[in-house]
Amino acid sequence: MAAMAGATWAQEGAATTQPAPSLALDGAFKDGLYTLPKLPYDYDALQPEYDAQPLKIHHTKHHAGYVTGLNQTLEKLQEVRKTGDYASVQALSRNLAFHGSGHMLHCLLWHSMTPGGKPMPASFAKAVEADFGTVEAMQAQFAAATTKVEASGWGVLAYEPVGKKLLVLQAERHQDLAIWGVVPLLVCDVWEHAYYTQYANNRGQWVAAFMKLANWDFAAQRYAAAVKI
Ligand code: MN
């Protein structure tokens, strides 16, 4: 099994026509605007599992709506920064997360399906086995977790880069976790446990204090690493 995985890896590495690994999503962004990518197959290519009509509506109406909403929200935020009036920032931040996650997750969704399905290469199967025991166990957990998402949302197989682990996650709706795919650079904790004993309900004072402590050099280091992904 290990020899087989090694052979597959060497084979993959030797192919000079293979593009370098990248997290860029083809067709998802161009000339400063987010864009609706073309599907990597025809609308009728996933039949009978996914019919052409629901797929076309999903892509051209629902996904397109997220793209439009994301661009509009970014434009509105630019206006807000110009005026310095942040009264609408909460609603706009929610819209940013809602449309941004919608765009990223749908870009991933189209590539997460392919006509007839495709098995995983041996090198990836080895990583799955290390974290889930077997490939089948991961797939069973993925199917169960996805089925049990409360109301609307997503099942997600994800890589967690701190522990270098593969995880199966549920995303309820999708805007509650900001935009899926972003790399956090700097964070401020506003759970009550972070500030209540010192600042009580004056969250604004805690945030102002945090801004005096902020380590923008740390953010810059993470930015330098993130742009290399
Ligand atoms: Mn959808």
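**Hairpin of strands 3 and 4.** I began with the hairpin that strand 3 and strand 4 form in this predicted model, and I noted 4 residues between the two strands, with Lys-164 in the turn at a positive phi of about 50 degrees. I then looked up how strand 3 (residues 153-160) pairs with strand 4, and found the antiparallel sense, over 8 bridges. At one place along this pairing I could read off the partners directly, for Gly-153 stands opposite Glu-172 in strand 4.

**The chain as a whole.** I stepped back to place the hairpin in the chain, which has 8 helices and 4 strands. Reading from the N terminus on, I wrote down the order of elements as α-β-β-α-α-α-α-β-β-α-α-α. I also looked up the share of buried residues, which comes to 25% of the 229 residues in the chain.

**Helix 4.** Which residues of helix 4 (residues 122-132) are buried? I found Ala-122, Ala-125, Val-128 and Phe-132 to be so. These four lie on the same side of helix 4, because the arc they cover around the axis is only 110 degrees. The spacing made me recall the general rule that an α-helix has 3.6 residues a turn, so residues three or four places apart point the same way. Ala-130, which is also found in helix 4, counts as exposed, with a relative accessibility of 64%. Just after the helix I noted Gly-133, which takes a positive phi of about 90 degrees.

**From helix 4 to strand 4.** I next asked what ties helix 4 to strand 4. Asp-131 forms a salt bridge with Lys-165, and the closest N and O atoms of the two are 3.9 Å apart; since Asp-131 lies in helix 4 and Lys-165 in strand 4, the pair ties together parts that are 34 residues apart in sequence. I recorded both residues as partly exposed, Asp-131 at 30% relative accessibility and Lys-165 at 40%. I also looked up the C-alpha to C-alpha distance between Ala-130 and Leu-166, which is 9.0 Å in space for a pair 36 residues apart in sequence.

**The other salt bridge.** The count of salt bridges comes to 2, and I turned to the one in helix 2, where the side chains of Glu-79 and Lys-82 meet at 3.5 Å, N to O. Being 3 residues apart in helix 2, Glu-79 and Lys-82 are separated by about one helical turn. Glu-79 counts as partly exposed at 43% relative accessibility, whereas Lys-82 is exposed, with a relative accessible area of 62%.

**The manganese ion.** Which protein atoms are the donors of the manganese ion? I found NE2 of His-58 and NE2 of His-106, lying 2.1 Å from the ion. His-58 lies in helix 2 (residues 52-83) and His-106 in helix 3 (residues 89-112), so this pair ties together parts of the chain that are 48 residues apart in sequence. I checked His-106 for accessibility and entered it as buried, because its relative accessible area is 4%, against a limit of under 20% for that class.

**Helix 7.** I went on to helix 7 (residues 203-213), where the buried residues are Trp-206, Ala-209 and Phe-210. Seen down the axis of helix 7, they fall within an arc of 105 degrees, so they line one face of the helix. On the other side of helix 7 I found Gly-204 and Lys-212, both exposed.

**A nonpolar patch.** Last, I looked at the surface, where Leu-23, Val-183 and Ile-229 form a nonpolar patch with about 280 Å² of accessible area together. Where does Val-183 sit in the chain? I placed Val-183 in the loop between strand 4 (165-172) and helix 6 (192-199). Val-183 is partly exposed, with a relative accessible area of 35%, and I note that membership of a patch calls for over 30%.

Note on methods. Residues numbered from 1 in each chain as written. Predicted model: local features only at pLDDT ≥ 70, side-chain atom pairs only at ≥ 80, totals over all residues. Heavy atoms only, no water. Buried < 20%, exposed > 50% of the residue type's maximum accessible area, 1.4 Å probe, protein only. Arc of directions from axis to C-beta. Donors = N, O, S within 2.8 Å, 3.2 Å for Na, K, Ca; no water. Patch = residues over 30% accessible without salt bridge, like charges linked within 9 Å, V, L, I, M, F, W, Y side chains within 5 Å. Areas by Shrake-Rupley, 256 points an atom, 1.4 Å probe, with all protein chains shown as cover. Salt bridge = Lys/Arg side-chain N within 4 Å of Asp/Glu carboxyl O. Pairing = 2+ DSSP bridges.
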